[in-house]
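Visitor: Please put the model in front of us, and then let us take the terms one at a time and ask what each of them rests on.

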Amino acid sequence: MNEIKPVNKNAPNSGYHKNTIPPHDPTLTEVLPGTPTGEYMRRFWHPICMVEELTDVPRYLVILGEELVAFKDGSGAVGVLHAHCIHRGASLEYGMIQEHGIMCSYHGFKFDVDGTCLEVPMPTGEEEEGCRMAANLCQGAYKAIEKHGLVFAYMGPPEEEPPFPEWEGDFTCHPDDKLVPFSNVQTCNWLQVQDNAADQFHHTPLHTTALIPGHEQGTTFGEAGANAYLVRPDLQFFPVHGGKSMAWTSSRRVDDDYLFIRINHQILPNVSFHSYLFEDGKKAKHFSRVHMYRWTVPIDNTTSKMIGWRGIGPHIDPRDVGNEDLIGYEKIDFLEGQCGMRRPERATFGPGELPPVPDHHRYRNAYVDAQHAPGDYEITASQRSIAVHALESPMKFDGGVYLSRKQLRDALSGDNEDASPEAWKKWLEEVDGKPNTYCSGNVLAIPKGASPEEEVERRRDVAKRCIAAITESDNLPKSERDAFVKQKMAEIEQNYAN
């Protein structure tokens with residue numbers, strides 16, 4: 001008999017042995033009602049749109065697979081209702097906004113922003129019967145609030161509603177700065193967009209170079225003078241807040257005298273806070289705060305939106321690199337290729353407006369531009385509509401991605417009770433809805449190690465000490481915390497100076 005030789009799937013020209021695509025991981029990726037991640041996410045507040053999207057007509061949205069309409073009525077109250085009227089299913093996206101609530105244009109049923117039925121239209125003389133019917137009807141609705149130009153909604157059971165997490169009371173925004181909202185649709189599953197935030201090794205190959213010379217991206221780290229990002233980072237990942245979140249450090253040697261320790265904070269289920277994006281590392285800086293606040297909000301299983309704020313102002317952006325005009329609906333200023341519209345077309349129309357008549361040459365050129373210098377949008381979307389984790393080949397620098405996924409899986413399974421919705425709600429109540437964030441940008445006066453081995457040990461030790469200082473400060477009043485962390489970082493510098 002002929003001996004059957006084992007198949008080496010990693011041999012050259014072995015595509016045939018790799019042409020079967022396994023299924024995606026439904027537990028972590030799928031978000032429709034009744035799914036593990038979908039039900040977990042519904043226990044948190046999420047931004048669902050920008051306030052500027054609420055005009056004189058209702059805004060149709062899909063969030064977590066649910067069809068919704070958002071609107072601001074004549075009194076200024078914001079409503080987020082199920083899109084289909086409970087009478088006969090007509091979409092309230094064609095409804096008429098009222099002084100209080102909204103009226104279905106099909107038969108005139110009126111609903112308040114909380115779904116209360118205000119009126120069931122009846123013929124003259126039968127109004128009393130209409131009032132009785134209205135008292136027994138309620139349109140599906142979700143509680144909504146406005147914060148700094150974004151509309152947030154809570155889509156879980158009302159009796160389980162947690163406090164709105166206003167991180168550090170003002171989202172660490174200095175009084176001289178402001179939070180500018182943005183919202184960018186991503187044509188892929190939410191998790192691979194969120195994974196990308198935890199993957200900080202990609203900065204150097206993706207954001208500081210072009211695949212084809214002469215096609216460098218606009219407003220890259222290099223163009224912004226943030227040449228520290230040209231250095232591949234040494235990454236470390238730390239579970240914090242009882243496994244509710246992860247702080248990661250990227251350590252880069254700026255020059256022989258300064259060490260750049262960037263600390264970002266990734267928070268369950270879909271939040272990431274990013275420190276200063278334009279750091280040049282030319283002078284010491286201790287505990288600079290959040291520069292970008294981002295939620296990855298699922299639209300459905302294969303589409304999501306990147307929505308949040310960019311900090312603008314002299315305190316968070318002392319180099320004055322940010323461009324407020326390029327932050328908003330389907331646009332962001334800090335890197336080309338962060339959303340589906342690439343300049344200049346992406347900045348020419350806003351919510352409620354239509355893009356120009358398709359020009360196939362222009363759109364082909366935009367595609368070729370993306371091939372010359374791709375951005376996060378192209379890379380995450382190209383991982384398939386839902387990334388297949390079983391086909392991945394993890395590396396050491398992917399540790400943040402896999403730790404973040406593990407934290408989510410442990411929260412869903414109950415293996416980490418501290419990350420359950422009940423534990424989150426209790427914790428937010430204990431901190432009065434103002435938890436602290438680890439996010440910070442730091443440039444420390446730390447001399448270079450005498451050898452490559454000593455330098456590696458040094459940058460990792462410094463990063464760990466920074467995380468320890470922030471952890472130690474977690475229960476301090478806000479008025480004391482900033483000075484405490486800065487003092488600890490000064491002590492780290494002094495330790496290496498000696």
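Visitor: Which residue is the bridge partner of Ile263 in strand 19?
Guide: In strand 19, Ile263 is matched with Ser440. Helices and strands here are DSSP runs numbered from the N terminus, a helix being H or I over at least four residues and a strand being E over at least two. This is a predicted model, in which local features need pLDDT of at least 70 and side-chain atom pairs count only at pLDDT 80 or more, while totals for chains, interfaces and linings use all residues. Residues are numbered from 1 along each chain as its sequence is written, and side-chain values use heavy atoms, with hydrogens and water left out.

Visitor: What makes strand 14 and strand 19 a pair?
Guide: Two strands pair if DSSP finds at least two bridges between them. Strand 14 is joined to strand 19 (residues 440-444) by five bridges, in the antiparallel sense, so the requirement of at least two is met.

Visitor: Which other strands pair with strand 14, and how do you know that strand 13 does, over how many bridges?
Guide: Strand 13 (residues 245-253) and strand 14 are antiparallel and share nine bridges, with Arg252 standing opposite Phe260. They form a hairpin with five residues between them. Strand 15 also pairs with strand 14 in the antiparallel sense, over three bridges, one of them matching Gln266 with Ser272. Strand 14 and strand 15 again form a hairpin, here with three residues between them.

Visitor: Why is strand 14 called mostly covered?
Guide: Buried means under 20% relative accessible area, exposed means over 50%, and partly exposed lies in between, with a 1.4 Å probe and protein chains only. In strand 14 (residues 259-267), nine of the nine residues are buried. In a regular strand the side chains alternate between the two faces of the sheet. Both faces of strand 14 are covered, with Leu259, Ile261, Ile263, His265 and Ile267 buried on one side and Phe260, Arg262, Asn264 and Gln266 buried on the other.

Visitor: How do you know that Cys439 is in no disulfide?
Guide: A disulfide is a pair of cysteine sulfur atoms within 2.5 Å, and a search of the whole structure finds zero of them. For Cys439, the nearest cysteine sulfur belongs to Cys173 and is 13 Å away. For Cys466, the nearest is that of Cys439, also 13 Å away. Cys439 has a relative accessible area of 0% and therefore counts as buried, and the value of 0% for Cys466 places that residue among the buried ones too.

Visitor: Why is the contact of Arg319 with Asp280 called a salt bridge?
Guide: A salt bridge is a side-chain nitrogen of Lys or Arg within 4 Å of a carboxyl oxygen of Asp or Glu. The closest N and O atoms of Arg319 and Asp280 are 3.2 Å apart, so the pair qualifies; by this rule the count comes to 29 salt bridges. Arg319 lies in the loop between strand 18 (304-312) and helix 6 (360-372), and Asp280 in the loop between strand 15 (271-275) and strand 16 (285-288), so that distant parts of the chain, 39 residues apart, are linked. Arg319 is partly exposed at 30% relative accessibility, whereas Asp280 is buried at 16%.

Visitor: How many residues apart are Glu429 and Lys425?
Guide: They are four residues apart in helix 9 (residues 421-430), about one turn of the helix, and their closest N and O atoms are 2.7 Å apart in a salt bridge. Glu429 is partly exposed at 44%, and Lys425 is partly exposed at 22%.

Visitor: What is Lys478 in contact with, leaving aside its neighbours within four places in sequence?
Guide: Contact means heavy atoms within 4.5 Å, and Lys478, found in helix 11 (residues 478-497), is in contact with Glu168 and Asp170. The backbone oxygen of Glu168 lies 3.0 Å from a polar atom of the side chain of Lys478. With a relative accessible area of 45%, Lys478 is partly exposed.

Key:
A polar contact is a pair of N or O atoms within 3.5 Å; within protein, one must be able to donate a hydrogen and the other to accept it, and residues adjacent in sequence count only if both atoms are side-chain atoms.
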